[in-house]
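Visitor: I should like to examine this structure with you, one element at a time. May we begin?

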Amino acid sequence: MPSKVTAVVPLEDSLPQALQGLGGVGKTAVAIEYAWRYRMDYDLVCWIRADQMPLVRSSLARLATALGLEPSATGIDLTTKGVLDALRRGEPYRRWLLIFDNADQPEELLPFIPSGPGDVLITSRNNRWHSVVDTVPLDVFERAESNQFLLKRVPKGLSAADANRLADKLGDLPLALVQAGAVLFEGGMPVDEYLRLLEERVTQILERGTSPEYPTSMTAAWQISVGRLRQQSPQALELLRCCAFLGPEPIPRDVFNLGAHESRTGVGELTADPIELSTAVGMLGRFALVKIDGPHISVHRLIQALLRDELTSDEQYKYRQDAHTMLAVGTPGDPTNVRTWPRYNDLVAHVASSATDLGHCQMPAHRALAMDIVRYLYVSGDFPSCRLIAEQFLPQWIEDSGTDDPHVLDMKRHLGNALRELGLASEAYQLIAATLDSAERVLGLKNPLTLALRNAFGADLRARGEFTAARELDAETLRLHDDIFGSADPQTLRVMNNLALDHGLSSDFVSARDLHKKVLILLRDPKRSVSATEVLNSSTALARAARLCGNLHQARDLGIDARNYGLHELGPEHHLTVRAAIDLSIAMRGIPDDYDEALEIAGEVLELCTRRRGERNPDTLAAAVSVSNIRRKIGQIDQALELATATAGIYPAVYGADHPYTYGCTGNVALLYRLAGDAAEARRLNEAALAGLDARLTRDHLFTLTVAANLASDLAAIGCYGQARAIGEDSLARLSRLLGEDHPFALGFASNLVLDLQATGAHEEAEALSAKVASGFQRTTRAEYELAAAGSRIAFDFDPPPI
């Protein structure tokens, strides 16, 4: 296609170019020809499928080796970032070519288009590229090109005059010419018959209201292929029609497993015979009606639309039901089992694309399919998709079955869980509270779904900062689970884990640690089949509880094990692996030798969460708090203050202005103001945070006492030693009762009080307390011991635990 190639030449200014035009004009073919013709001008050429962003990331990441980069152990996104940076710098290659094929979403792709000395070529149907990059519009072939192509495609039995007639009727559209050539060459159809059928089919298709955005000549060519298929293999056509009601994404071939007794069409009989099924798939491939890619086949959306259009409403219903039943039969079982996730990932797109039709179906198996997909999306950490699909199904289910239907209630539960994980705590609370009320009224208190909703509502109470209420609810829910399911049932263990979280959020860290340990021991029983997500969640929680009990080295070791388990079983981007990394960074922050690694881990997680989940995500906020606290620890006060201030400003939008986490983050900002030399501002912020925490949690809570201890330091910094001493004495007494006199926090409180006692003339009391503090610190934390020995005040910061 020489005339097309001349539209694109190697660029001196290295600006990206886009080949833009409607489907079927040959954009990809032109890009291939360009890459081949100018291959010697480049040191590196990479072809990237850009119709799915994960494929873009993985393709770019695979360039790491060619560029002499080491793939990042922490995830594909960091590897991709390194590749893009190397391309921008032109190291080691200045002449490179990246081709992004079928890039129809400019906004998503732009961050992955590098600047630099190389060239970027994009193919797309989307005309919005012209406002972003230099765009080369592509149109249909010139007539000479059409004739030349057809004569090459059909070398026998096609005259130049016939080629010209065909090109005229097909409008010179390259894809239509490709398909016509396939029919003529592979099917042996005479040109006159093809042209006659083409005329007949065009009227029929237009009468059926085919979308005008698709060229009729191309759709007619597809219809001719279908007509020939109907003659040669009616069973293959049955399968193709069924595929028309799935998505255009790759379909796993082993999903075709529908028994004849379950089918409303001829598909069941075909799929019951593996030999006939294989023959039918091969036939579809030969007619270019499907693309066969290993264990998957895919059907172009145009073919699907044409196939659906030619069916009556009754026929559409039958094929649609068979397609949905195939998906339901093809589900691999428990969505919490990591081993089932690849198959569920294959099915998600098909359920999502047919959600409108599938939502109308009230068959239990079809609704179970939707529930399994939503559950998979939740446990795998894809909360936006979980929310999207749940919201697609719920309106139709409610219309068909009412608000009290168990499937509706269960779908609302999953939606509420997803909303909470997305940082929409208020919306989640309202939805779960109303759904729980309905379930208790309709299903009864001891129904499994009602109990699952109670467990979800406990999380909503924690998200609202109602830690005592959550603890009371979860304690009662655990008793119900023990009675109904037994103490070792997976559902019971989930409630037990949540109750342990409640203990921790109530400053009862010993109870939290003991309960988390009990859960983890039961989960690791070799006789049990448990989800990796449950094991990781419990392992991270135990490490956190150990840290809060004052055992930093133990917490670090547990945290390393948990994070490594998450990296191996779930990958670096799973939300539970992320949380394990955040908790590990907090434990390492308490060990001087681990400061650098702590900052590296927390920084990588913050970058990942910000990029993938946004600034308002709870995990992003927790990572930001950890990074800020580590920077404070290593003396980077200005950077820590900037990040802490920004993070504290986001918390009210996520959890509310009156949430304990909001006050805790305000306390972090106050601490940094004092260290930056503004003790007056620190005092103002800490007094406000302390008043809020007193009202929400009472003074006898670690969060509250942390702010109180820092407020005492603010007062001392401005010379109010008497007030500082009074707060310090009260706080130490309370914290000693809460955590014990030898807890590192209690020793830190006492160390600060020594300074206030000295400043107010109580030297004997100060000396006695100082000796006690020194002895305790020597057994626990070296960093705080060194600060105390130097006569420096110890700072206390806040980290928000997962809820």
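The questions and answers below concern its sheets, its helices and a few backbone details.

Visitor: What kind of model is this, and what pLDDT do local features need?

Guide: Residues are numbered from 1 along each chain as its sequence is written, and side-chain values use heavy atoms, without hydrogens and water. This is a predicted model, in which totals for chains, interfaces and linings use all residues, side-chain atom pairs count only at pLDDT 80 or more, and local features need pLDDT of at least 70.

Visitor: Which strands stand at the edges of the open sheet of five strands?

Guide: Helices (H or I, at least four residues) and strands (E, at least two) are DSSP runs, numbered from the N terminus. Two strands pair if DSSP finds at least two bridges between them. The five strands have the order β2-β3-β4-β1-β5, with parallel pairing. Each edge strand pairs on one side only, and these strands are β2 and β5 (134–137).

Visitor: In β3, which residue is the bridge partner of Leu 44?

Guide: Strand β2 (residues 44–49) pairs with strand β3 (residues 96–101) in the parallel sense over six bridges. Within β3, Val 45 has Leu 97 as its bridge partner. For Leu 44, the bridge partner in β3 is Trp 96.

Visitor: Which side chains of β2 point to one face and are buried?

Guide: Buried means under 20% relative accessible area, exposed over 50%, and partly exposed in between (1.4 Å probe, protein chains only). The side chains alternate along β2, and Val 45, Trp 47 and Arg 49 point to the face where they are not buried. Those that point to the other face and are buried are Leu 44, Cys 46 and Ile 48.

Visitor: How many of the nine residues of α3 are buried?

Guide: Helix α3 (residues 53–61) packs on the five-stranded sheet and touches β2 and β3. The cover over its buried residues includes β2, α4 (76–89), β3, α5 (106–109) and α29 (595–613), where contact means heavy atoms within 4.5 Å. Among the buried residues are Met 53, Val 56, Arg 57 and Leu 60. The helix is mostly covered, and the number of its buried residues is seven.

Visitor: Why is one side of β6 and of β7 left without a neighbour in the sheet?

Guide: The open sheet of three strands has antiparallel pairing and the order β6-β8-β7. β6 (251–252) and β7 (291–293) are its edges, so each has a single partner strand.

Visitor: In β8, which residue is the bridge partner of Lys 291?

Guide: Strand β8 (residues 296–298) runs antiparallel to β7, and three bridges join them. The partner of Lys 291 in β8 is Ser 298.

Visitor: At roughly what angle do the axes of α32 and α34 cross?

Guide: Axes are lines fitted to C-alpha atoms, for helices over the stretch in contact, and angles run from 0 to 180 degrees between N-to-C directions. Helix α32 (residues 660–675) and helix α34 (residues 702–717) have axes that come within 10 Å and cross at roughly 25 degrees.

Visitor: How do the residues of the contact of α32 with α34 divide?

Guide: The contact involves residues including Tyr 661 and Leu 671 of α32, and Phe 703 and Val 707 of α34. Ala, Val, Leu, Ile, Met, Phe, Trp, Tyr, Cys and Pro count as nonpolar, Asp, Glu, Lys and Arg as charged, and the others, Gly among them, as polar. The division is six nonpolar, three polar and two charged.

Visitor: Near what omega is the peptide bond from Glu 91 to Pro 92?

Guide: Most peptide bonds are trans. Pro 92 is placed in the loop between α4 and β3. The bond from Glu 91 to Pro 92 is cis, with omega near 5 degrees.

Visitor: Near what value is phi of Thr 698?

Guide: Thr 698 lies in the loop between α33 (679–697) and α34. At 42% relative accessibility, Thr 698 counts as partly exposed. Its phi is positive, in a residue other than glycine, and is near 75 degrees.

Visitor: How far apart in space are Asp 730 and Ala 708, C-alpha to C-alpha?

Guide: Asp 730 is found in helix α35 (residues 721–739) and counts as partly exposed, at 30% relative accessibility. Asp 730 and Ala 708 are 22 residues apart in sequence, and their C-alpha to C-alpha separation in space is 9.4 Å.
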